[in-house]
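Subject: Structure handover

Hello,

Here is the structure I promised to pass on. Please open it beside this email and follow along.

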Amino acid sequence: MAAALGTGGRGQEAGQEKQAMQHKDPIAPERAEELKLKAKYPNLAQKPGGSDFLMKRLQKGYFDSGDYNMAKAKMKNKQLPSAGPDKNLVTGDHIPTPQDLPQRKSSLVTSKLAGTHGQV
Amino acid sequence: WGGAAGDSGGGNDIQWCFSQVKGAVDDDVAEADIISTVEFNHSGELLATGDKGGRVVIFQQEQENKTQSHSRGEYNVYSTFQSHEPEFDYLKSLEIEEKINKIRWLPQKNAAQFLLSTNDKTIKLWKISERDKRPEGYNLKEEDGRYRDPTTVTTLRVPVFRPMDLMVEASPRRIFANAHTYHINSISINSDYETYLSADDLRINLWHLEITDRSFNIVDIKPANMEELTEVITAAEFHPNSCNTFVYSSSKGTIRLCDMRASALCDRHSKLFEEPEDPSNRSFFSEIISSISDVKFSHSGRYMMTRDYLSVKIWDLNMENRPVETYQVHEYLRSKLCSLYENDCIFDKFECCWNGSDSIVMTGSYNNFFRMFDRNTKRDITLEASRENNKPRTVLKPRKVCASGKRKKDEISVDSLDFNKKILHTAWHPKENIIAVATTNNLYIFQDKMN
């Protein structure tokens, strides 16, 4: 299952961009990509290397049962908001559910690298 | 390079052939089977892998068969064990993954082999030893271990060692725990073979291999106010020859070299390696793609190599203001950064490695491609780790990605690349042209064509 490059709206954007480029100086590819991103996510924070971004990186696998139960009680019939594309917000409204967390069962099975199936 | 690259191969060009592949064939990959680290030992006889399920598998190269002069020994399973288990930090409500982040071998001192393996929080020293004899002929015990009734013993004998089927045992000899608040990304053994460092996002600690209840903090970049955090440590390594020197890389693309003789806390670097940025090229993505995912000293100790998202850079330790060589791994991705940010691929951490003579460097890419750069000839090659190239001793065909415009026959366009198939971990045998390349859940071994 190949990870898509987000071909959804690209066709249209590419067309518009091509028009823009014909009328202006050619934009560096990185800049062009930045404009694309900002067009999709206008709320994106200015500084990607900011502390919010790094703080999220430092926190992995965080589960607060208090948050979880409060969110469950508050939103009985609503869908819990999933992690949006705005990656610069620290977890915020996204309350992880047990399904979101990686399975904690330890691997009792021997690694397939050590097995004989598929070995050459 | 022996392919369709155009150049007629020089006498020294390596012709890579498929040798072996390990792992399951099926496409449905269990999370635990995702390979997270690959490392040859100092002689190259042993090859260790770690995975997301906390398991270590060690392969051993067969002794060379005199009659089979056309290929070197194959790697077969030697030992496998569960190194780390998942844990839960109840105080902080934090999951601790069992994924093995790094394995580093100790040089062999006696019959046993030793390696360090680490997950996010705990480093373990494992002893791997062989047992090929067992004692037989006890007076008070039966062969199955049951005790004999002493009154039935009428004669005495001396127990003797008899040969048995080889058994390889792995046992944890040291557990180095509770020294890291953040996630460990690197371990590196000092050239004194007595100490080693472990690095997390904000701190680096120095350990003695014999002592588990104490560790010295030698780098601390945690700001007093976490709101001021601007960069994290991404990798660290000891110099191969100077026991007082180590380097660490950052998420901002800098490398700091530190001398432990200068002070106990090496917060002030001795050297700072940073390439000046072209301000006109700056974009939202600049810092993210400049983040260094791996740093490796050359065997000689004169150079170091860094890997950032799009390139590999070679630095001369005597020159801090720019790298001496830069190699583009997959420049065609620069115009896809928006999508790569959306699917998180822009945060993938690729590793890199040197060959034994420091003349060639290798790193992975997407679509199960991996790249090699010859520092002398300046030629590069793209190869693919795929079960379709399964015939041993058939030279691998070079691959080419078409960035834009008309795609030639046999080229693959950027948009057809599979970004789920990433080669993050590769390793090069310390002495021979044998390489180990890890796809998501398979380990490929390639060798150069002999004769």
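A term to start with: a residue is buried under 20% relative accessible area, exposed over 50%, and partly exposed in between. Glu169(B) has 27% relative accessibility, so Glu169(B) counts as partly exposed. Keep in mind that this is a predicted model.

Salt bridges

The whole structure holds 36 salt bridges over all chains. Here are some of them.

Glu169(B) pairs with Arg131(B), at 3.1 Å from N to O. This pair links distant parts of the chain: Arg131(B) sits in strand 10 of chain B and Glu169(B) in strand 11 of chain B, 38 residues apart. Arg131(B) is partly exposed, at 38% relative accessible area.

Asp33(B) and Arg55(B) form another salt bridge, and their closest N and O atoms are 2.8 Å apart. Asp33(B) lies in the loop between strand 1 (16-22) and strand 2 (35-40) of chain B, while Arg55(B) lies in strand 4 (residues 55-61) of chain B. The two are 22 residues apart. Are they buried or exposed? Asp33(B) counts as buried at 11% relative accessibility. Arg55(B) is buried as well, with a relative accessible area of 5%. A network of salt bridges links both of them with Lys112(A) and Asp51(B).

Asp415(B) meets Lys336(B) in a salt bridge of 3.2 Å, N to O. In sequence they are 79 residues apart. Asp415(B) is in the loop between strand 29 (411-413) and strand 30 of chain B. Lys336(B) is in the loop between strand 23 (325-328) and helix 2 of chain B. Asp415(B) is partly exposed, at 46%, whereas Lys336(B) is buried, at 12%.

A sheet in chain B

Strands 10 and 11 come up again here. Four strands of chain B make an open sheet in the order 8-9-10-11, with antiparallel pairing. Strand 8 (102-105) and strand 11 (160-176) are the edge strands, and each pairs on one side only. On average, neighbouring strands are turned by 25° against each other, direction ignored. Inside the sheet, strand 9 (residues 113-118) and strand 10 (residues 123-136) of chain B pair over six bridges. Leu116(B) has Leu125(B), in strand 10, as its bridge partner. As background, strands of a sheet pair through backbone hydrogen bonds.

Nonpolar cores

The largest nonpolar core has 25 residues. Among those that touch the most other members are Leu37(A), Tyr309(B) and Leu333(B). Helix 1 (286-290) and helix 2 (337-342) of chain B each give two or more residues to this core. Helix 2 of chain B gives the largest share, four residues. Apart from this core lies another, of 19 residues, including Trp16(B) and Trp428(B).

Thr426(B) and the cysteines

Thr426(B) lies in strand 30 (residues 425-428) of chain B. Thr426(B) is buried, at 4% relative accessible area. Leaving aside neighbours within four places in sequence, its contacts include Cys353(B), Met362(B) and Val437(B). Phe350(B) is 76 residues from Thr426(B) in sequence and 9.1 Å away in space, C-alpha to C-alpha.

How many disulfides are there over all chains? The count is zero. Take Cys266(B). The closest cysteine sulfur, in Cys258(B), is 5.3 Å from the sulfur of Cys266(B), too far for a bond. A disulfide needs the two sulfur atoms within 2.5 Å. Cys266(B) is buried, at 2% relative accessible area.

Best wishes

Definitions and conventions. Residues numbered from 1 in each chain as written. Chains lettered and ligands numbered in written order. Predicted model: local features only at pLDDT ≥ 70, side-chain atom pairs only at ≥ 80, totals over all residues. Heavy atoms only, no water. Core = buried A, V, L, I, M, F, W, Y, C linked by side-chain atoms within 4.5 Å. Buried < 20%, exposed > 50% of the residue type's maximum accessible area, 1.4 Å probe, protein only. Pairing = 2+ DSSP bridges. Axes fitted to C-alpha atoms, helices over the stretch in contact; angles between N-to-C directions. Contact = heavy atoms within 4.5 Å. Salt bridge = Lys/Arg side-chain N within 4 Å of Asp/Glu carboxyl O.
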